[in-house]
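User: I am new to this structure and would like to understand the reasons behind the words used for it. Please set each value against its definition as we go.

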Amino acid sequence: MDRLIIEGGKPLNGTIMVSGAKNAALPILIATLLTDEPCVIENVPSTLRDLRTTFRLLESLGKKVVVEGSTVRVFSTGSLKTQAPYEIVKQMRASVLAAGPLLARFGLVRVPIPGGCAIGLRPIDIHLKGFEAMGARRIADQGDIIMSAPRLKAAAIKLRFPSVGATQNLMMAAAATPGKTTIVNAAREPEMEDLGKFLGRLGATVRGAGTSTVTIVGKPKLNGARHTVIPDRIEAGTFLLACAATRGRVRLQGAQAAHLGSVLAALKKAGAQIRSGQGWIELSMERRPKAVSIATKPYPGFPTDLQAPWMSLMTLCTGCAKVTETVFENRFLHAAELGRMGAQIAVSGRTAVIAGQECLSGAPIMASDIRAGAALLVAGLAAKGRTTIARVYHIDRGYEVVEQKLSGAGARLERQA
Ligand code: EPZ
């Protein structure tokens with residue numbers, strides 16, 4: 001298994017290109033199941049592990065996927081299957097998003113229940129209740145959920161929590177269901193807006209995607225479409241935090257400041273200087289960050305996916321900062337690893353209190369999920385001495401060519417097989 005070896009303590013300095021958003025590309029690629037016509041999706045971070053898993057998922061369901069750099073073409077090869085393989089779902093929970101398009105088109109779908117992961121239990125009850133509101137019946141069988149409905153019906157659905165995945169699943173189901181479906185208390189992340197645009201290009205009428213009320217007027221037969229995925233706000237945020245922690249100066253090319261409002265506000269409070277324009281963000285940081293407490297919230301609140309890297313920055317703050325995780329129940333596994341680097345973090349339930357230190361020291365550490373991995377990367381870049389990160393495959397799920405991108409901005413790191 002690969003490891004990343006980082007010689008830390010060097011300020012990041014330079015320009016880094018931001019890739020297309022993993023969490024927008026995944027549902028958009030899965031939404032190609034809604035049509036038999038060809039689709040072309042651009043700005044896809046196609047080298048990421050989760051994207052490669054998505055291509056395998058589409059192929060296992062009967063699509064042909066052709067990847068050329070960041071352009072992905074999806075074609076039909078005949079009729080689609082309605083059963084997602086457990087082998088793939090267990091590698092990537094987002095595979096459950098295939099349920100919406102398949103159920104709407106074929107009246108039947110069988111998906112393995114994804115199960116929990118390192119950050120929490122992650123049930124899918126909100127997705128299933130939404131499908132039931134559209135007239136589907138469900139039965140559980142040998143670890144799978146089978147949903148059936150001769151024909152889904154448009155419905156008014158109120159989510160008990162603005163779940164990202166449930167909103168996407170229901171938006172996709174509604175796109176292929178005649179009539180007007182309304183989703184209230186929908187997730188508002190920019191990835192919803194991007195999916196909404198793609199569904200519109202397929203021929204559905206979508207209003208309010210990216211707000212808390214989405215309406216979709218679906219069509220049983222949708223056309224093919226071409227679409228360019230939005231930039232990855234979480235990758236961009238991770239690099240900004242790495243820059244702040246190393247007290248460097250970077251320009252992120254391709255990043256959208258509007259998608260990172262809460263993070264940029266917290267960074268400014270911590271003392272970072274930030275400028276932004278159309279498709280770029282620049283950050284410079286000259287001294288130790290001030291302590292800034294955050295609590296994660298659904299968008300537009302502080303993203304849970306940047307909680308761990310934020311904690312890494314706060315290990316170096318002047319003072320004491322509190323980090324509260326409200327979205328997932330177990331997303332603090334990075335705290336103990338940061339402790340190995342000299343960080344002072346006390347975790348109690350969903351809150352971590354961090355007493356800032358002058359510096360961290362390099363150590364052998366281990367990633368436990370994508371963003372915990374990103375946190376260790378941020379800490380390793382800032383720490384004095386050598387850090388070795390094991391289980392890099394977690395980082396590879398969410399960050400394309402990460403060592404090339406960071407070494408292009410002056411970081412010293414390499415991968416060891
Ligand atoms: C998406 O996961 C992202 N994944 C996650 O990014 C991200 O952390 C999360 O949204 C929150 O922003 C993708 O987009 C592929 P949720 P998702 O449904 O859809 C509970 C990363 O690091 N919940 O909004 O699974 C759930 O347990 C990944 O790139 C239910 O209780 O997130 C969690 O506590 C990790 N029942 C909370 O809601 C449900 O039916 C948020 O989950 C659904 C969710």
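User: What makes up the accessible surface of the chain, and how large is that surface in Å²?

Analyst: In this predicted model, the accessible surface of the chain comes to about 16000 Å², and 50% of it belongs to carbon and sulfur atoms. Accessible areas come from the Shrake-Rupley method with a 1.4 Å probe, and for residues only the protein chains shown count as cover. Local features need pLDDT of at least 70 and side-chain atom pairs count only at 80 or more, while totals for chains, interfaces and linings use all residues. Residues are numbered from 1 along each chain as its sequence is written, and side-chain values use heavy atoms, with hydrogens and water left out.

User: Why is Gln404 called partly exposed?

Analyst: Buried means under 20% relative accessible area, exposed means over 50%, and partly exposed lies in between (1.4 Å probe, protein chains only). Gln404 has 49% relative accessibility, so this residue counts as partly exposed. Gln404 is found in helix H14, residues 402-407, where a helix is a DSSP run of H or I with at least four residues, a strand is a run of E with at least two, and both are numbered from the N terminus.

User: What makes helix H10 count as mostly covered?

Analyst: Helix H10 spans residues 307-314, and 8 of its 8 residues are buried, among them Trp310, Met311 and Leu313. Helix H1, residues 22-30, is also described as mostly covered, with 8 of its 9 residues buried, including Leu26, Pro27 and Ile28. For the chain, buried residues make up 57% of the 417 residues.

User: How do you know that the radius of gyration agrees with that of a compact globule?

Analyst: The radius of gyration is taken over C-alpha atoms, and the globule rule is 2.2 Å times the number of residues to the power 0.38. For 417 residues a compact globule would have a value near 22 Å, and the chain has 21 Å, which agrees. Along the principal axes, the C-alpha atoms fill a box of roughly 65 × 40 × 40 Å.

User: Which domains is the chain divided into, and how many residues of each are in contact with the other?

Analyst: The bounds, which come from an automatic or database domain assignment, give domain 1 (3-18 + 231-416) and domain 2 (22-218). The C-alpha centres of domain 1 and domain 2 lie 30 Å apart. Contact means heavy atoms within 4.5 Å, and 23 residues of domain 1 are in contact with 22 residues of domain 2.
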